[in-house]
Structure formats: C-alpha cells, structure tokens
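Trainee: Please take a close look at one part of this model for me. I would like to understand the place where the two chains meet.

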Amino acid sequence: MSQSWLRSLQPDEWTGSYSRYAGIVAVLIIGLAVPFVVSESIVFLLTWILTFGILTLGYNVLYGYTGLLSFGHAAFFGGGAYIVALTMEYTGIQSLLLLLLLAVVGTTVLGMILGAVALRSTDIYYSLLTLALAQIVYVVVYKSYDLTGGSDGITVTRPTFLGQYGQLEPSVYLVSFYYYFTLIVFAAVVASLWVMLRSPFGLTLKAIRENETRTAAIGIPVKRYKWYSMIISAALPGLAGGLYAILFTYISPSLLYWTMSGDILFMTLFGGAGTFIGPVFGSAFYILLRQFAAEFINQHWQLIVGLALFVSVLTLRDRGIWGGLKLLLERIRGDEP
Amino acid sequence: MVAINQFVILLINGLFYATILYLVGVGITLIYGVLNLVNLAHAVFLAFGAYLSATLINAVAPSSPVVVFLLLLVGSVGIMVAIGAVLERTVFRFLYDIDEDYQILATFGLILIAADILNTVWGGTPVSIDQSLNPSIILGSIDILGNQYPLFNLFAIVLFGVTAAIPFLLLNYTRAGKISLAVSEDEEMAELLGINITRIRMLIFGLAVGLAALGGALLVVTSSASTELATRYIILAFVVVVIGGLGSIKGAIVAAVLVGIIRSFGLAYFPTYEAAIVYVVMAAVILISPKGLKEVLPG
C-alpha cells in the first residue's frame, strides 16, 4: 500500500516531468493571495466553485471511476446541507468543524443505506432506482414542514471555528476566513482523492467500470467495492452540501430535487468524468455561466447548459472539456490517442 | 369507512390522472421499445401540448364549441406530431447508437433546452384557456351519486380507452404496425428485408409525441400550463413506465391506472407524504421485478 502511495507521487507519463506539481503549488499560492486583490463577489464565486468542486469530485468517484450512473446524488448534497442547517437550528451547535463532521457522518450513513438498496440493481435500473430513492428523501424533507420549514427553507448563520469568527459580518467572515477554510478543505480532498484513486482501491474501481465480469472473475467482491464507492461518493457531496449551506446562508428543498442531481451530473460530465480534475472545471463552467453578467447568457443559461451537455455527450462522451483538451494535446503532440 | 360516492369520485379522479400519465408514458415506452431510445425528455411534449392548446384556443377564440374541441384535440396535437417527426430526423436520430447512459444524459440536456424555450416563448406565468372558451365549461358537469362532476374529465377517460386501444390496433392489425414490431425485434434484419426504417422511426416518434401532446391538451383544460409541468411529469411518467415495464404498452396502461389511483386516494387520505408513495412503489418494483409488470401480465 505504501509503495503505490509513493508511486502516485512520481512524475506521470502525461507531463513527463514535475511541472504538474509546480503548477499545483502555483495554483495554491494564487489561491491564497486572491482575496487580497479581487472583489468580495469574486471571492464568493471562487468559494462556490471550490464547494461544487468537492461535490463533483466526489460524484466522479462513483460515475467516472466506478462507472455507476447515479441520478440521486442530490440526496447527499442536499442532505449534507440540511444536516448542517437543522443541527444549528435545533441543537445550537455552532462549531464549524463539528457541523461538517456531522454532515459527513450523516451522509455516509445515508450512502450506506441507499447504496445497499440501490446496488441490488444494475444499469438503467440502478439509475432509475437512485432517482426514486432520492425523490423519496426530497418529498420527506419538503413535506415535513414543522421540522424543516418545507419550501420556506432554512436560514443558516455563520458557525464558529475554534470558538472564533462566528460573530463577524458575512462579508468579512467570507473574505478573511471562510474562503481559506474552503480552499484548505478542497486541497485536502483533492490530495486524498488523488492518492486514493491511484491506489489499488482506485484501480479496482476502474477495473469494475471497465469489465465487471472479469473483475469478479479474478476474485474481487465487486458489489462490496461498488458499495464502498457509493459511500465515499456520498460523504464528499455531503461535506460540500454543508459548506454550501454556510456559504449561501440559506437552503431550500430544491437542493434535494432531481434536477439538482442532473446539474451535478452535468458538471461532472461536461468537465470530464473520465479525468481526475475535469469535474472541477465543469463546476466552474456551470457557476460562471449562471452568474455571468451578460443579460442573454444569464437568462438563457438552461439553453446553453442543455446544448453544451447534448453536444459534449455526443462528441466527447464522458471525456468532457478537460478530457477533450487532453485528447487534443495528445493528438497535437503526435501520441497515440 | 368512506362514503360510496366519495369513493367513486376518487376513483374517477384517479382514472383521469391515469389518462394523462398513460398518454405520456406510452410514448416513452414506444420509443424505448421500437427505437431503443431512453427519452428522458418526453414529458416536455406534454408541456408543449398544453401551452400550444391554450394559446391556440385563446388566439382563435372560435364561437363554435365544436371548433374549440377540434383545435384542442386535432389542432395542437397535429402540430406537435409534425414537430415531433421533424425533431426525430434532426435531433433524436443521433442518439440511437449511443449507450443508454449517454442517451439519458443527452436527453437531460434536451430537457434544459426545452425548459428555456418554454420560458422564453411563454414566460413564467402559467397559461390557461379563457373561461369563455374552456371545453370543460362548455360540457358542464354531470351528477354522480349526488356530486357534481365535470363531464370533460369523463370524456378524457373515454379518450384513455380509445388511445389505449390504438397502439394495439395499430401494431397488430396495420402493415405499418407490424413493421414497427419487426423493427423493435430486429432492426438490422428488418432493414435487410427492405423496410424503410427511417419512415417507421418518424411514424413511431410522431405518434409518441402526439399522444403526449394530447395529454397536455387534456391537462390544460382542467388546470393550466406552467414550466414546472414538464419536470413534474417527466418523473411521474418514468415512474409509470418503470412500473409497467420499459417497452410494454399493456404495462403502461396498468401502471398508469395504478399510479393514478394511488395519487388520487393518496391525496385524499395521506396528503402529506402522498408524493412519496409513488416513488416507493417505483423503487419496490425495480427491486422486486425490474422488468416491471410486463413480466406478470398476460401476452
């Protein structure tokens, strides 16, 4: 296990050098410096992108790496958001770390349960089952007005971190603390996923995606690994949901509706489900599109997203824009595609 | 227990829901069965049918009730059938050869595009047929065991019976129908035998779109057309199709009745969580018998 961990740190065939790691360090430095040079609204956007990045990277573990198309992930994302919001409202717990931990634990358990049920089916029936199960979660939350406020939603106040920051103004909270917190969480998630997906576990998931029968034939308990994949893929969106709730200070049941699952899927796929970091670009694309100042694009974001999805599925399949870019680069360099 | 007349009204209401669900669901199942396409977006045609019917009737504002009905049942449906055939050749044909997963994803993209079009053309406020022109008002109500019930709803249920029979008659007794069955069995072979696959595809797709549009037309008479109609019925229609079994028309009929009645009685007795019941049933069906009811139905 430790050997493959070390191996994952070595230069990989694609870049052929350590330049990739230099690039990552550069991005991190820029990331840390950003709040000092840009406006607060851009910091908000970046934090949002980081949050959705965690969401889609988590989803990609299940879809891109294991090959399971879940149409019910809104349940985990919305679930994490609601766990944070409801915990703050009913128990008065203010600690950011504790709240996020609860969100992760809660969605992990939810993932275990839904996973155990959903994995009894395969292919399109698996997708439809995840859709049905997530809709049940949606209806329960939506209709439990007394508990969750139903369609009114819940407002979320700023949690404290190690006892501090909670009393800050929202904008100061964001710029001087929350952005950095999210950035660090994002970096931690990326690093852990990178190692995990390069490890034998990650390779097993890929093997399942490529040829399930063969993988089973060599003795891998396929169903169990699928279940593990679902659990990881539930916990990360749960974390993202919690982060989202705090960032937006307001959540509503729409986070649990099946169209949210579709959005998650779009971001992951369009960014590049077959790649590691692609989904983050998909998230960025989606968010920037929705926030774009230009009237036309802002009003017709659905048209653009829909068209982008349709065209990219037909032409790039699961590679998305990031995968497509990589493919283009390979072709230019004359490598075998 | 429940008063008999209340029970009967709930039952009829359930059948009315079932009519709409069937009209959308049978289209999905036909497209899956014959064209091998998972069309997640199919219910948008219901929404278009609804909007188109209301707009058409309001715009033409005919004085004769007969013309109102013609516009509703033939006018808007006819337009949608034509649009459907065109869309099949221009958009949907590219989806036949790709994996089912990708079909789901691509058609999800189409849902977004359609939602945008609906929003742009008709805006955010719901559209309904003018009171003076509404077919339901025209037909009035009828007394059922002491309750006043809209005659139009009963008319719709009769249409359910008619449209339920149509696919059977078409598929089993017409030449085009039998060819469609052949295509759904073995497309390559059918093509080798000289059958014009393209024409069959346009036919089936147009039929499916027309039926969904009819569902929208019937629906807009009793309520109104809104953009969330599409997203709501997309998922309900899939519940019906899954329960009935992908590709089974009989299954779609039975499942539509089942879901319609569950909704009707559910709304009356378990209003809070009624919406969840259908999803539970859908999940149960997938877990117990994924191929749906078609496994247990005769024929």
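Mentor: Start with the polar contacts. Between chain A and chain B, four residue pairs are in polar contact, with both residues at pLDDT 80 or more. That cut-off appears because this is a predicted model, in which side-chain atom pairs count only at pLDDT 80 or more. Now look for salt bridges. The count between chain A and chain B is zero.

Next, see which elements take part. On the side of chain A that touches chain B, helix H6 (123-143), helix H12 (258-272) and helix H15 (301-316) each give two or more residues. H6(A) provides the largest share, 13 residues. Sort that side of chain A by class and you get 26 nonpolar, 10 polar and five charged residues.

Now for the extent of the contact. In chain A, 41 residues are in contact with 42 residues of chain B. The size of an interface is often given as the accessible area lost when the parts come together. Here the buried area is about 3700 Å², and carbon and sulfur atoms give 79% of it. Three residues stand out: A:Tyr125, A:Trp258 and A:Phe310 supply 18% of the area that chain A buries against chain B, more than any other three residues.

Finally, turn to a pocket. The second largest one has a volume of about 1100 Å³. Its lining has 42 residues, and those nearest its centre are A:Tyr138, A:Ser254, A:Tyr257, A:Thr259 and B:Thr231. By class, the lining holds 26 nonpolar, nine polar and seven charged residues.

Methods. Residues numbered from 1 in each chain as written. Chains lettered and ligands numbered in written order. Predicted model: local features only at pLDDT ≥ 70, side-chain atom pairs only at ≥ 80, totals over all residues. Heavy atoms only, no water. Contact = heavy atoms within 4.5 Å. Buried area = accessible area lost by both parts, 1.4 Å probe. Salt bridge = Lys/Arg side-chain N within 4 Å of Asp/Glu carboxyl O. Polar contact = N/O pair within 3.5 Å; in protein donor to acceptor, adjacent residues only side chain to side chain. Helix = DSSP H or I, 4+ residues; strand = E, 2+ residues; numbered from the N terminus. Nonpolar A, V, L, I, M, F, W, Y, C, P; charged D, E, K, R; others polar. 1 Å grid on protein atoms, 1.4 Å probe; cavity = no way out; pocket = protein on both sides within 12 Å on 5 of 7 lines; lining within 4 Å. Points joined across faces, edges and corners; volume = space filled by probe spheres on them.
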